[in-house]
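Student: I have a two-part habit with helices: I read the label, then I wonder where it came from. Could we go through this one together?

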Amino acid sequence: MATWVSQNLSRGSGTLVWHNLHEVRQLRNVWLFLIAYWLYIDGVDTVVRMAVDYGLSLGFDHKSLLMALLITQFTGFPAAIAFGYQGTRFGPRAGILIGLMIYLVVTVRASVMTSPGEFFLLAFAIGLAQGGIQALSRSLCARMIPGNRTAEFFGFYNMLGKFAAVIGPVMMGWVGALSASPRTGILSLQFLFVAGALVLLKVEVGRCRV
Amino acid sequence: MRHTREKWGWVFYDWANSAFATTVMAGFFPVYFKAYWNTGLDPTESTFCLGLANSVASLLFALLAPVLGAMADCMCRRKAMLFVFACLGWVMTGGLCLVAEGDWMLAVMLYILAVIGFSGSNIFYDSLLLFICTSDELDCTSAFGFAFGCLGSGLLFACNILMVLHPGWFGLADGDAAVRMSFLMVAVWWLVFSLPLAPGVFAAARRDVRQTHPSAVEPLWEPCEAQCAERGGCRASGAYWLPRWRVDFGDLGVPKSFTR
């Protein structure tokens, strides 16, 4: 308490209020970003998790699924680097939005998928988008958080990553059951990508540029 | 992008620990658990236990993540915390290759602890991004980390799949031995490729982020050193983070210094 009084006196209360207002405004952006991240990363993780189920139900064996996993890994390498350079030029938010658009196309394509070959094509598309979204989300988050509390805020960031794939599978099952078609269930994931993108657009990225 | 030794150390940690995510978490553990450790038991019971343990560990970790992060910030020991959790991951992943057939309980316990090690080290790994590059390099560096993680884990996983499909080529007895060998390889891979990040792990990161990010938003970017000195007293209590959160959620009236 004594330190608090002395600090306040030494700093001057005017500066202090300004300091707080500024911090709260800045942090409002961080929370907004974290909400957006939670929405779209839920969709991203749901696609990955349900892809195996979906593949199995189409009659793929485990070997083909492992192949699909490897395709995703190896397309991820050049794609993530390309997204990184793109993020430097046009800002990380633009890159994330491009990635989300790829996911919108993937969900539409998956809902009308008929031939097994298309599964590998979708694995390729997911490999393209996934790395970019995750890498640029991390760098965007790093731009916004207080520099002396990086681990704390990345703690929140990782916490949301752990709670991902919670809404998505439930929504897929629910919509799929209501419409009696698993294909509509996949389309329902678009809600997460669109909502995530809309909240992301609300984030004042310009203010956070370090 | 400038290529510093520190930056490559950071990038290679992703290369190192992604092997765990791909080979163990996504690839072999779930399948092998059902096929090998789960023999001679009611499969529904042990699968339920695995699911339950997984959920409890995830929930516990998720709730503790920001607290652990705040503690690392306060002590300026982000890198050290990374290695503490990584150690847990190495040991537990390596331990998986020793678990006997049918001993599903031990397998679940080691796996959960390894996952905690992996997820825990990731918090501090992400938080180090700001300390190893300048602002205009953030996107590229983050992307390089991710890209090399994909590549490294893809290479090791491809090798592990080959081992399982053709154990004879590698001088292994059968598929089971190949999977166990894969777990050991992941642990060693994770350990070895973490080493480039290790220099400076015992030093507190008393570096001001404003050195690397000169135009940072002023009031938020307090020098780490000053903050460490200021919060030195609360280090032991561990509960210092509780009141601070109130401010984050928009409590405008409380002076910042009061909440420390």
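**Helices, angles and confidence**

Tutor: Happily, and let us begin with a bend: α3(A) bends by about 35° at Gly76(A), and a proline, Pro78(A), follows within four residues. Keep in mind that this is a predicted model.

Student: How do you know what span to expect for α3(A)?

Tutor: Helix α3 of chain A covers residues 62-90, which is 29 residues. The expected span is 1.5 Å times one less than the number of residues, and for α3(A) that comes to 42 Å. From first C-alpha to last, the helix reaches 40 Å, close to that expectation. After the helix comes Gly91(A), with a positive phi near 90°.

Student: What makes α3(A) and α5(A) oblique to each other?

Tutor: Start with the angle: α3(A) and helix α5 (residues 117-144) of chain A pack at about 40°, their axes 7 Å apart. Angles under 35 degrees count as roughly parallel, and 65 to 115 as roughly perpendicular. The value of about 40° falls in neither class, so the pair is called oblique. As for handedness, α3(A) passes α5(A) in a right-handed crossing.

Student: Why are α6(A) and α4(B) called oblique?

Tutor: This pair joins two chains: helix α6 (residues 150-162) of chain A packs against helix α4 (residues 104-132) of chain B at about 130°, with the axes 8 Å apart. Roughly perpendicular ends at 115 degrees and roughly antiparallel needs over 145, so α6(A) and α4(B) are oblique. Their crossing is right-handed.

Student: Which residues of α6(A) and α4(B) meet?

Tutor: On the α6(A) side they include Phe154(A), Gly155(A) and Tyr157(A), and on the α4(B) side they include Ile123(B), Phe124(B) and Asp126(B). For the complex, the predictor gives an ipTM of 0.82 and a pTM of 0.81.

Student: What makes α4(A) roughly antiparallel to α9(A)?

Tutor: Helix α4 (residues 92-111) of chain A and α9(A) pack at about 165°, with their axes 10 Å apart. The cut-off for roughly antiparallel is over 145 degrees, so the pair earns that name. α4(A) passes α9(A) in a left-handed crossing. Among the residues making the contact are Leu97(A), Leu100(A) and Tyr103(A) of α4(A), and Phe193(A), Gly196(A) and Ala197(A) of α9(A).

Student: How do you know where confidence in chain A is lowest and highest?

Tutor: By the mean pLDDT of the elements: helix α1 (residues 2-11) of chain A is lowest at 46, and helix α9 (residues 190-202) of chain A is highest at 93. Over residues 4-17 of chain A the pLDDT is below 50, and this stretch has ten contacts in the model beyond near neighbours in sequence. The chain A average is 81, with 83% of the residues scoring at least 70.

Student: And what does chain B average?

Tutor: Chain B averages a pLDDT of 77, and 76% of its residues score at least 70. Among its elements, helix α9 (residues 241-248) of chain B has the lowest mean, 35, and helix α6 (residues 175-194) of chain B the highest, 94.

Definitions and conventions:
Residues are numbered from 1 along each chain as its sequence is written. Chains are lettered from A and ligands numbered from 1 in the order in which they are written. This is a predicted model: local features need pLDDT of at least 70, side-chain atom pairs count only at pLDDT 80 or more; totals for chains, interfaces and linings use all residues. The bend at a residue is the angle between axes fitted to the seven residues ending there and the seven starting there. pLDDT is the predictor's confidence in each residue, from 0 to 100. Axes are lines fitted to C-alpha atoms, for helices over the stretch in contact, and angles run from 0 to 180 degrees between N-to-C directions. A crossing is left-handed if the near helix is turned anticlockwise from the far one by less than a right angle, and right-handed if clockwise. Two residues are in contact if their C-beta atoms, placed from the backbone, lie within 7 Å.
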